[in-house]
Amino acid sequence: MQARLKNPVMLIPGALQALLALDKSTEAADIPYVTRKLIHLRASQINACSLCVDMHARELKKAGEKDERIFALAAWRETPYFTDAERAALALAEAGTRLADRPDAVPDDVWDEAARHYDEKALAALVVQIALINAFNRLNATTRQIVGTWG
C-alpha cells in the first residue's frame, strides 16, 4: 500500500499545530489520558484509520494498559474490562462518530449517561476530542496514510 498524498497536515502550514493546539486545549478538563486514548482508538476502529488504530493502541500499551482492554475495545459492551465512566465516554464517541447511522445522532440516553460521569467542562472536552479524532481519521484514511509513518 502507498499513501495517495503526503499527510495533508504536513502540506498545509499551521494545520498540524492548530490540531495539536485543539488537543492541548482539552487537557485541563478532568478526562483521564487513558479515557481520551480509548475514545481515539474506538473512533479510529470505526473509521478504519489504520494509522490511528496502530498509534493509539501503542499509546495505551505505553500507558500501561493491559492487552485485554486494548484487544477487546471493539467489543467493549460485551466485556468486563471498562469502567462505567469509560463506557459512557465510549458510547458518546461511537454516537459522535456514527452521526448518520440513526435519526437522532446522539440519543438523549447516551448523552445523559455521559453527563452522569462527567461535568460540563469534561463533556465539552470529550466532544472536542471526538471531533478531533474524527478529523484526524478522515485526513489519514482519505489519503491512505501508512501505519508506522507517523511520528
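Helices here are DSSP runs of H or I with at least four residues, and strands are E runs of at least two, numbered from the N terminus.

**Figure 1. The whole chain, an all-helix fold in a predicted model.** Let's start with the overall view before zooming in. The protein chain holds 8 helices and 0 strands, so that reading from the N terminus gives the order α-α-α-α-α-α-α-α. The C-alpha trace spans about 40 × 35 × 30 Å along its principal axes. A compact globule of 151 residues would have a radius of gyration near 15 Å, and the protein chain agrees because its own value is 15 Å. Of the 151 residues, 43% are buried. Among contacts with a separation of 6 or more, 68% join residues that sit 24 or more positions apart.

**Figure 2. Helix H3 packed against helix H8.** Here you can follow H3 (residues 33-46) alongside H8 (residues 120-142), with the two axes 9 Å apart and an angle of about 40° between them. Angles from 35 up to 65 degrees fall outside the parallel and perpendicular classes, and H3 and H8 are therefore oblique to each other. Their crossing is right-handed. On the H3 side, look for Arg36, Ile39, His40, Ala43 and Ser44; their partners in H8 are Leu126, Gln129, Ile130, Ile133, Asn134 and Asn137. Sorted by class, this contact of H3 with H8 has 5 nonpolar, 5 polar and 1 charged residues.

**Figure 3. Helix H3 packed against helix H6.** H3 also packs with H6 (residues 84-97), at an angle of about 35° and with the axes 9 Å apart. The crossing of H3 past H6 is right-handed. H3 brings Val34, Thr35, Leu38, Ile39, Arg42, Ala43 and Ile46 to the contact, while H6 brings Glu86, Ala89, Leu90, Ala93, Glu94 and Thr97. By class, the contact of H3 with H6 counts 8 nonpolar, 2 polar and 3 charged residues.

**Figure 4. Arg42, a buried arginine in helix H3.** Is Arg42 buried or exposed? Arg42 belongs to H3, and it counts as buried because its relative accessibility is 7%. Setting aside neighbours within four places in sequence, Arg42 is in contact with Leu73, Ala74, Trp76, Leu90, Glu94 and Arg98. Val147 lies 105 residues from Arg42 in sequence, and their C-alpha atoms are 17 Å apart.

**Figure 5. The loop between H3 and H4, with Asn47 and Ala48.** Follow the chain out of H3 towards helix H4 (50-62) and you will find Asn47 in the loop between them. Asn47 counts as buried, because its relative accessibility of 19% is under the 20% limit. Leaving out neighbours within four places in sequence, Asn47 is in contact with Thr97, Asn134, Asn137, Arg138 and Ala141. Ala48 lies in this loop between H3 and H4 too, but Ala48 is exposed, with a relative accessible area of 62%. The backbone of Ala48 deserves a look: its phi is positive, about 55°, although Ala48 is not a glycine. Most residues other than glycine have a negative phi.

**Figure 6. Ala131 in helix H8 and Arg144 in the segment after H8.** Ala131 is found in H8 and counts as partly exposed at 49% relative accessibility. Its C-alpha atom is 9.7 Å from that of Ala43, although Ala131 and Ala43 are 88 residues apart in sequence. In the segment after H8 comes Arg144, which is partly exposed at 40% relative accessibility. Arg144 is not a glycine, yet its phi is positive at about 55°.

**Figure 7. Thr79 in the loop between H5 and H6.** The last view is centred on a threonine in the loop that joins helix H5 (67-71) to H6. With a relative accessible area of 13%, Thr79 is buried. Which residues does Thr79 touch, not counting those up to four places away in sequence? They are Ala72 and Arg87. For a sense of distance, Thr79 and Gln145 are 66 residues apart along the chain, and 31 Å separates their C-alpha atoms.

Methods: Residues numbered from 1 in each chain as written. Predicted model: local features only at pLDDT ≥ 70, side-chain atom pairs only at ≥ 80, totals over all residues. Heavy atoms only, no water. Axes fitted to C-alpha atoms, helices over the stretch in contact; angles between N-to-C directions. Parallel < 35°, antiparallel > 145°, perpendicular 65-115°, else oblique. Left-handed = near helix turned anticlockwise from the far one by under 90°. Contact = heavy atoms within 4.5 Å. Nonpolar A, V, L, I, M, F, W, Y, C, P; charged D, E, K, R; others polar. Rg over C-alpha atoms; globule rule 2.2 N^0.38 Å. Buried < 20%, exposed > 50% of the residue type's maximum accessible area, 1.4 Å probe, protein only.
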